[in-house]
Amino acid sequence: SPKLLLSYEEACWSLSVCERTLRNMVARGQLVAVKIGGRTLFDPADLRAAIEAHRTQPEPAKGPAGPKSVTRPQ
């Protein structure tokens, strides 16, 4: 069965980031850490949430401009 909590090393590998980046994410509150028995561990669901929070939105497609309404002075 899969591990319920991951170590710093495993979480870094999972997110493809270095340990400093992971520690900074925790310090900024961008990633929730679980502290058990003096160890800092990570829930894979929290890693997925961090990925979603950092996902960039695609730029809207630039298509041809549609008709514009023109107001004429009276």
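The passage below first describes the protein as a whole and then turns to one residue, Glu19.

The model examined here is predicted. The protein contains 3 helices and 2 strands. Read from the N terminus, these elements follow the order α-α-β-β-α, which places the two strands after a pair of helices and ahead of another helix. A reader new to the fold may find it handy to trace this order along the chain before looking at any single side chain.

Some overall values help to complete the picture. Of the 74 residues in the protein, 20% are buried. The accessible surface amounts to about 6400 Å², and carbon and sulfur atoms account for 54% of that surface. When contacts between residues at least 6 apart in sequence are considered, 48% of them link residues at least 24 apart.

Glu19 offers a friendly place to look more closely. This residue belongs to helix H2, which spans residues 19–27. Because its relative accessibility is 36%, and partly exposed residues lie between the 20% and 50% limits, Glu19 is classed as partly exposed.

The surroundings of Glu19 can be described in terms of both sequence and space. Within helix H2, the side chain of Glu19 forms a polar contact of 2.6 Å with the side chain of Arg23. Once neighbours within four places in sequence are set aside, Glu19 is in contact with Tyr8 and Cys12. Glu9 also enters the description: Glu9 and Glu19 are 10 residues apart along the chain, and their C-alpha atoms are separated by 7.3 Å.

Technical notes: Residues numbered from 1 in each chain as written. Predicted model: local features only at pLDDT ≥ 70, side-chain atom pairs only at ≥ 80, totals over all residues. Heavy atoms only, no water. Helix = DSSP H or I, 4+ residues; strand = E, 2+ residues; numbered from the N terminus. Buried < 20%, exposed > 50% of the residue type's maximum accessible area, 1.4 Å probe, protein only. Contact = heavy atoms within 4.5 Å. Areas by Shrake-Rupley, 256 points an atom, 1.4 Å probe, with all protein chains shown as cover. Polar contact = N/O pair within 3.5 Å; in protein donor to acceptor, adjacent residues only side chain to side chain.
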